[in-house]
Amino acid sequence: MSMNLDLISNFVIALLAIVNPVEKIPLWVEASKGGSREFRWRLAGLIILSSAVILLIFLFLGRQLLIQLHIELASFKIGGGLILLQFGFSMLRGKAVKISGDDNNGSDDLKSSVLKRFREIFIPIGVPVIAGPGAITTVIIYGYQSDSFLTSSLLSLAVLGVLGLLFFTLITGHAIRKITGDLSLNLVSRIFGMILIAISVQFMVEGLTEVFPGWALSQ
């Protein structure tokens with residue numbers, strides 16, 4: 001049973017750039033404010049678990065979805081590359097993440113409070129910030145290119161690994177922000193934005209090469 005190590009490593013880099021755990025810290029601090037440590041742990045767990053389910057569904061069923069809709073992978077690479085390109089530029093401008101909402105403190109028990117806040121912030125934190133168009137596009141494209149069960153399994157482990165890193169970042173987000181400040185976090189976010197732009201351009205070049213093979217030969 002073979003595995004495509006290049007595909008897996010590229011997938012990890014791409015997904016890490018899109019999910020960008022560091023960028024989520026300011027958003028998470030705002031969304032989880034007013035809660036205890038246990039409250040933040042449970043809330044972060046719910047968000048990560050829900051996002052993981054969404055991405056794994058598209059990872060394993062994305063290929064069948066494209067086939068049923070008669071969409072070629074090359075076309076999806078071009079369209080997906082445009083989405084990632086837009087998201088990358090938004091990260092460079094520091095405008096990739098927006099949230100609005102009020103802090104909700106009440107006398108509810110911990111479980112009810114967590115579920116209430118989860119319903120309020122899963123949109124936009126879970127979707128589209130974590131499991132958004134960029135991440136979904138990425139898992140579909142790489143999942144489509146998987147040529148063995150072992151590769152697909154490792155891709156799914158990569159999804160869980162990146163989201164596990166995000167979970168750790170969220171639960172330590174308040175402490176990290178106090179230590180580093182917003183300037184350092186914004187700088188790292190913009191670096192990830194540049195990486196994502198490069199990945200999106202590569203997607204589009206590959207798609208255009210497949211759609212217009214003569215264009216590639218003329219280069």
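# Worked exercises on an all-helix chain

From the N terminus on, the elements run α-α-α-α-α-α-α-α-α. Keep in mind that this is a predicted model.

**Exercise 1. Work out the overall make-up: how many helices and strands are there in the protein, and what share of its residues is buried?**

Step 1: Go through the elements, and you get nine helices and zero strands.

Step 2: Now burial. Of the 219 residues, 42% are buried.

Step 3: Turn to the surface. The protein exposes about 11400 Å², with 65% of that coming from carbon and sulfur atoms.

Step 4: Finish with the contacts. Take those with a separation of 6 or more; residues 24 or more positions apart account for 88% of them.

**Exercise 2. Place asparagine 20 in the chain and decide whether it is buried or exposed.**

Step 1: Look at the loop between α1 (5-19) and α2 (24-31); that's where asparagine 20 lies.

Step 2: Check its relative accessible area, which is 0%. The cut-off for buried is under 20%, so asparagine 20 is buried.

Step 3: Ask what it touches. Leaving aside neighbours within four places in sequence, asparagine 20 is in contact with Leu15, Met91, Ser189 and Phe192.

**Exercise 3. Explain why α2 counts as largely enclosed by the rest of the structure.**

Step 1: Pick out the buried residues of α2: Lys24, Ile25, Leu27, Trp28, Val29 and Ala31.

Step 2: That makes six of the eight residues in α2, so the helix is largely enclosed by the rest of the structure.

**Exercise 4. Describe the surroundings of serine 50: which helix holds it, and which residues does it touch beyond four places in sequence?**

Step 1: Find serine 50 in helix α3, residues 37-68.

Step 2: Its relative accessible area is 21%. Buried would need under 20%, so serine 50 is classed as partly exposed.

Step 3: Skip residues up to four places away in sequence, and serine 50 touches Phe118 and Phe122.

Step 4: Try a C-alpha distance too. Serine 50 and glycine 126 are 76 residues apart along the chain, yet their C-alpha atoms are separated by 7.3 Å.

**Exercise 5. Say which residues form a nonpolar patch on the surface, then classify isoleucine 57 by its accessibility.**

Step 1: The patch consists of Leu49, Val53, Ile57, Phe60 and Leu61, and together they have about 470 Å² of accessible area.

Step 2: Zoom in on isoleucine 57, which is found in helix α3. Its relative accessibility is 44%, so it counts as partly exposed.

Step 3: Add a rule of thumb for helices: with 3.6 residues a turn, residues three or four places apart point the same way.

Note on methods. Residues numbered from 1 in each chain as written. Predicted model: local features only at pLDDT ≥ 70, side-chain atom pairs only at ≥ 80, totals over all residues. Heavy atoms only, no water. Helix = DSSP H or I, 4+ residues; strand = E, 2+ residues; numbered from the N terminus. Buried < 20%, exposed > 50% of the residue type's maximum accessible area, 1.4 Å probe, protein only. Contact = heavy atoms within 4.5 Å. Areas by Shrake-Rupley, 256 points an atom, 1.4 Å probe, with all protein chains shown as cover. Patch = residues over 30% accessible without salt bridge, like charges linked within 9 Å, V, L, I, M, F, W, Y side chains within 5 Å. Salt bridge = Lys/Arg side-chain N within 4 Å of Asp/Glu carboxyl O.
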